[in-house]
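Here are my notes on the entry you sent round. Please read them with the structure open beside you.

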Number of protein chains: 2
Amino acid sequence: MFPKLDPILHSELRLAVMSVLSDVESADFTYLKTQTEATSGNLSVQIDKLSAAGYITVEKGFKGRMPCTTCKITEKGLEAFRQYVEALRTYLK
Amino acid sequence: MFPKLDPILHSELRLAVMSVLSDVESADFTYLKTQTEATSGNLSVQIDKLSAAGYITVEKGFKGRMPCTTCKITEKGLEAFRQYVEALRTYLK
DNA sequence: TTATTTTGGTTTATATTATAAACTTGTTTA
DNA sequence: TAAACAAGTTTATAATATAAACCAAAATAA
């Protein structure tokens, strides 16, 4: 009847991150931070979870001499996002 | 950018309950239970929360001689549900 | 009748979560 | 060279969702 909602995506900040990433080739930590208006700590934790789930990849590099963490949605992540949207429709009628 | 999601509605079971209630005049506990496939305990708790938020009304009466708890969505609840749906659209693009 | 099961829930315990505060490491800027 | 800032990470806390255990009354079986 009501399909189960993927608990990894059913989180305000993680969903926002996925929403941003589904729209761009890649995004770094600070960009995600401004877009989502999240605190660094919260964002850091949620990025880790998305990464652990295989929904995004995370690359730590440098931009000039400043550290720069780049995130990219994976195919698996994109598919999970699509399914989540589909499942939600059932709830929103 | 990303609007805040109403934490009362951003819950799988509470959202399912609201979804059902937004479609019918009223529904009793057992109906909600079969529709949402929730456990009694979980459903009971979430109904209380929706009621405390003023999103639904709860009337405990009898059907024959069996107890019967009847839930009904309120105008406030309906409006919150609509706004939640609207807010979510931002996330789902 | 008396026992047992079922119905319709509520209360309580637990484990997970989301979140922000505090901290770290290195880089600019004054 | 000291102070402020950037880019994160780690840790502590409070809130949540959830199911397990429980309860009272009604229906059913013996």
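1. In chain A, 54% of the contacts with a separation of 6 or more are between residues that lie 24 or more positions apart. Please keep in mind that this is a predicted model.

2. Chain A has four helices and three strands. Read from the N terminus, their order is α-β-α-α-β-β-α. Along the principal axes, the C-alpha atoms of chain A fill a box of roughly 55 × 25 × 20 Å. Chain A has 93 residues, and 30% of them count as buried.

3. How are the two protein chains related? A turn of 180° with a shift of 0.0 Å along the axis lays chain A on chain B, with an RMSD of 0.0 Å. The two copies are therefore related as by a two-fold rotation axis. Within chain A, the residue that comes closest to this axis is H10(A), whose C-alpha is at 4.0 Å.

4. The chains touch through 18 residues of chain A and 18 residues of chain B. On the chain A side, the elements α1, α2 (29–36) and α4 (75–92) each supply at least two residues. By class, that side of chain A divides into nine nonpolar, five polar and four charged residues. The copies meet through the same surface, because 100% of the interface residues of chain A are also interface residues in chain B.

5. Next, the surroundings of DNA strand C. This strand is surrounded by 24 residues, and the closest are S11(A), G41(A), F29(B), G41(B) and T69(B). Two or more residues each come from α1 (12–21) and α3 (40–52) of chain A, and from α2, α3 (40–52) and β3 (66–73) of chain B. The surface near DNA strand C has 10 nonpolar, 11 polar and three charged residues.

6. DNA strand D has 23 residues around it, the closest being F29(A), T69(A), G41(A), S11(B) and G41(B). Here the elements that give two or more residues are α2, α3 and β3 (66–73) of chain A, with α1 and α3 of chain B. The residues near DNA strand D divide into nine nonpolar, 11 polar and three charged.

7. Within chain B, look at how helix α1 (residues 12–21) packs on α3(B): the angle is about 70° and the axes are 10 Å apart. That angle makes α1(B) roughly perpendicular to α3(B). From α1(B), the contact uses L13(B), R14(B), V17(B) and M18(B). From α3(B), it uses N42(B), L43(B), Q46(B), I47(B), K49(B) and L50(B). By class, this contact of α1(B) with α3(B) has six nonpolar, two polar and two charged residues.

8. One residue is worth following by itself. Q35(B) sits in helix α2 (residues 29–36) of chain B. Is Q35(B) buried, exposed or partly exposed? Q35(B) has 18 C-beta neighbours inside 10 Å, so it counts as partly exposed; a buried residue would need 20 or more. Apart from neighbours within four places in sequence, Q35(B) is in contact with M1(A) and V20(B). As for V85(B), which is 50 residues from Q35(B) along the chain, the C-alpha atoms of the two are separated by 20 Å.

Definitions and conventions: Residues are numbered from 1 along each chain as its sequence is written. Chains are lettered from A and ligands numbered from 1 in the order in which they are written. This is a predicted model: local features need pLDDT of at least 70, side-chain atom pairs count only at pLDDT 80 or more; totals for chains, interfaces and linings use all residues. A residue is buried if 20 or more other C-beta atoms lie within 10 Å of its own, exposed if 12 or fewer, and partly exposed in between; C-beta atoms are placed from the backbone. Two residues are in contact if their C-beta atoms, placed from the backbone, lie within 7 Å. Copies are superposed by least squares on the C-alpha atoms of residues with pLDDT of at least 70 in both. A residue is near a molecule or strand if its C-beta atom, placed from the backbone, lies within 6 Å of it. Ala, Val, Leu, Ile, Met, Phe, Trp, Tyr, Cys and Pro count as nonpolar, Asp, Glu, Lys and Arg as charged, and the others, Gly among them, as polar. Axes are lines fitted to C-alpha atoms, for helices over the stretch in contact, and angles run from 0 to 180 degrees between N-to-C directions. Angles under 35 degrees count as roughly parallel, over 145 as roughly antiparallel, 65 to 115 as roughly perpendicular and the rest as oblique.
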